[in-house]
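Trainee: I have a structure open and would like to learn how to read its features. Could you take me through some of them, please?

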Amino acid sequence: MKSIHLAQSIIDPFPADAQQLLVGVSGGVDSVVLLHTLKDVSERLNVSLHVAHLDHQIRSESSNDAAFVRDLCGQWDIPCYAESYDVAELAERGKLSIEMAGRQARREFFQRIAEMIEADAIVLAHHLDDQLETFLIRLLRGSGQSGLAAMRIHTGIWWRPLLGCSRGQILEYAQKYELRWVEDQSNNNPVFLRNQLRHQLIPQLLEINSNIAQKVAGLTQQIQVEEDYWQELITQQFNDLVISCNDGLRLRRGDLLVMHPALRMRMLREALRRLRGDLQRIEAVHLHSIEMLLTGQRSQAQLDLPGCWVARRYETLWLRDVAPKLPERFDLSLPLPGELELPDGRILRSSIQDEQEGESTNVAEYSLALLPHSLRVRSWQAGDRFEPLGMTGRKRLKNYFSDCQIELEARLKTPLLVSGETILWVIGMRRSNYAVAGKDKGMILRVELI
């Protein structure tokens with residue numbers, strides 16, 4: 001592709017029906033060439049251009065870059081929206097790299113301005129060499145195949161029309177039209193991985209194969225086509241996995257396990273994407289951790305991932321943005337007779353009467369004479385044991401909860417009716433053998449869960 005044909009690379013993949021474009025312009029040669037080519041075709045395509053520039057406050061001369069972009073937009077009669085943001089502070093606060101923090105700040109800024117001006121597309125100046133760098137970065141960081149698809153020309157509102165153009169072609173265009181731009185000195189800082197690749201690894205790769213950028217671009221396009229197929233499959237099947245969206249996202253473990261591992265891994269990525277909104281900082285190692293959670297021996301386990309919390313709860317995979325807050329422990333006195341409001345809002349009512357009326361899941365009856373202590377309602381404690389009605393011997397309450405597949409979070413909410421240290425009733429679930437009401441045992445204490 002000759003530089004003279006650079007504008008055609010914009011016209012060919014032009015977003016349908018786009019009228020308002022927001023162009024990200026840093027002041028570097030890539031974004032200046034992008035803006036110039038868009039200006040050149042804007043009248044032909046009947047579109048309005050707007051420019052967004054974010055000063056990262058990382059370099060002392062960054063304010064000069066912002067001034068350059070404003071002046072350029074003034075000369076070309078293009079509205080410019082420029083702001084300044086402390087990216088270093090964002091990186092420290094969010095425990096991000098400077099590169100990741102800068103990317104996050106730019107995306108949020110561009111999206112906000114695009115919404116304000118009702119832009120149809122946000123146009124970025126990424127090119128063929130950027131695609132090679134992105135592919136290598138993701139490869140080195142352990143991305144799976146989906147991550148190795150790298151950047152697309154179109155991703156939602158984002159548009160990268162120069163993705164098929166090399167940096168050499170962009171420089172040739174800039175020289176032909178005698179364009180001015182600013183050089184970002186941080187592009188030479190070897191602290192950043194992208195710069196290490198650009199100045200050290202990629203020159204060596206070019207010596208081995210001068211077409212490495214084109215080869216990688218072809219590979220990413222092939223991966224993108226395959227990813228599109230997988231996404232169609234995921235869209236068709238994902239909703240069948242969902243149990244609930246009320247508190248995070250709950251998926252059916254059994255359905256995941258019978259899937260082919262390749263499809264299962266992509267379903268997990270889709271679950272994370274739907275929960276988080278994106279897959280930033282999610283790498284293959286995180287997906288393998290979820291896989292181990294699904295297939296492991298522990299019926300209840302959890303792990304913290306970047307930007308989310310994932311747990312196995314028996315036959316459910318539970319994803320939330322943060323771990324659920326555990327309920328506070330409680331220990332309350334039950335009036336006889338009377339009512340007690342439980343921490344979950346339900347009511348426990350006690351009454352003393354002459355005859356039995358019968359028990360159910362939510363009703364238990366006791367021989368009052370066999371209860372030597374005042375009654376309390378408390379939460380589960382480690383080491384609790386009770387003797388379930390109909391069984392011989394005592395059973396650890398933890399094991400009983402496991403048999404009933406009661407989740408960890410629900411265990412702490414489950415109220416226990418106790419007399420002294422004796423558990424009389426796992427309220428709403430099962431009573432104990434202790435103080436069973438019957439003939440000739442005197443007054444009856446009836447306890448009802450309302």
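Mentor: Happily! Let's start with Tyr314, which sits in the loop between strand E10 (308-313) and strand E11 (316-320). Keep in mind that this is a predicted model.

Trainee: Is Tyr314 buried or exposed?

Mentor: We call a residue buried when its relative accessible area is under 20%. Tyr314 has 7% relative accessibility, so Tyr314 counts as buried.

Trainee: What is there to notice about the phi of Tyr314?

Mentor: Here is the general idea: most residues other than glycine have a negative phi. Phi of Tyr314 is near 55°, a positive value in a residue other than glycine. Asn46 also has a positive phi, near 60°. Its place is the loop between helix H2 (29-45) and strand E2 (48-55).

Trainee: And is Asn46 buried or exposed?

Mentor: A residue is exposed when its relative accessible area is over 50%. Asn46 reaches 58%, so Asn46 counts as exposed.

Trainee: What about peptide bonds? Which one should I look at?

Mentor: In general, most peptide bonds are trans. Now look at the bond from Leu336 to Pro337: this one is cis, with omega near -15°. You will find Pro337 in the loop between strand E12 (331-333) and strand E13 (338-341).

Trainee: How do I recognise a salt bridge, and how many are there?

Mentor: Look for a side-chain nitrogen of Lys or Arg within 4 Å of a carboxyl oxygen of Asp or Glu. By this rule, the count comes to 26 salt bridges. One of them joins Glu357 and Arg446, with the closest N and O atoms 3.8 Å apart.

Trainee: Where in the chain are those two partners?

Mentor: They link distant parts of the chain, being 89 residues apart. Glu357 is in the loop between strand E14 (347-353) and strand E15 (363-367), while Arg446 belongs to strand E22. Glu357 is exposed because its relative accessible area is 57%. Arg446, by contrast, is buried, with 9%.

Trainee: Can you show me another salt bridge?

Mentor: Try Asp384 with Arg378, whose closest N and O atoms are 3.0 Å apart. Asp384 has 10% relative accessibility, so Asp384 counts as buried. Arg378, at 2%, counts as buried too.

Trainee: Which residues are joined into one network by salt bridges that share partners?

Mentor: Those are Glu357, Glu365, Arg446 and Glu448. You have already met Glu357 and Arg446 as a pair. There is also a bridge between the side chains of Asp403 and Lys395, at 2.9 Å from N to O. Asp403 is exposed, with a relative accessible area of 55%.

Trainee: Let's turn to rings. How many aromatic pairs are there?

Mentor: Two rings pair if their centres lie within 6.5 Å. The count comes to seven aromatic pairs by this rule. For Phe109 and Phe110, the centres are 5.8 Å apart and the planes stand at 45°, so this pair is tilted. Both Phe109 and Phe110 are buried.

Trainee: Which residues do ring pairs link into a cluster?

Mentor: Trp380, Phe386, Tyr400 and Phe401. Try selecting those four side chains together on your screen.

Trainee: I'd like to finish on the surface. Which residues make a nonpolar patch?

Mentor: Leu336, Ile352 and Met443 make a nonpolar surface patch of about 230 Å². You may remember Leu336 from the cis peptide bond. Met443 is in the loop between strand E21 (430-431) and strand E22 (444-449). With a relative accessible area of 36%, Met443 is partly exposed.

Trainee: And which residues form a positive patch?

Mentor: Look for Arg385, Arg394, Arg396 and Lys398. Of these, Arg394 lies in the loop between strand E17 (385-386) and strand E18 (395-396). Arg394 has 58% relative accessibility, so Arg394 counts as exposed.

Trainee: How do I compare sequence separation with separation in space?

Mentor: Compare the count along the chain with the C-alpha distance. Arg252 and Asp240 are twelve residues apart along the chain, and their C-alpha atoms are separated by 8.6 Å. Arg252 is in strand E8 (residues 249-252), and at 37% relative accessibility Arg252 counts as partly exposed.

Key. Residues are numbered from 1 along each chain as its sequence is written. This is a predicted model: local features need pLDDT of at least 70, side-chain atom pairs count only at pLDDT 80 or more; totals for chains, interfaces and linings use all residues. Side-chain values use heavy atoms; hydrogens and water are left out. Patches are made of residues with over 30% relative accessible area and no salt bridge: like charges are joined within 9 Å, nonpolar side chains (Val, Leu, Ile, Met, Phe, Trp, Tyr) within 5 Å. Accessible areas come from the Shrake-Rupley method with a 1.4 Å probe; for residues, only the protein chains shown count as cover. Helices (H or I, at least four residues) and strands (E, at least two) are DSSP runs, numbered from the N terminus. Buried means under 20% relative accessible area, exposed over 50%, partly exposed in between (1.4 Å probe, protein chains only). Lys and Arg count as positive and Asp and Glu as negative; His and the chain ends are not counted. The place of a charge is taken as NZ of Lys, CZ of Arg, CG of Asp or CD of Glu. Rings of Phe, Tyr and Trp (its six-membered ring) pair if their centres lie within 6.5 Å; planes under 30 degrees apart count as stacked, over 60 as edge-to-face and the rest as tilted.
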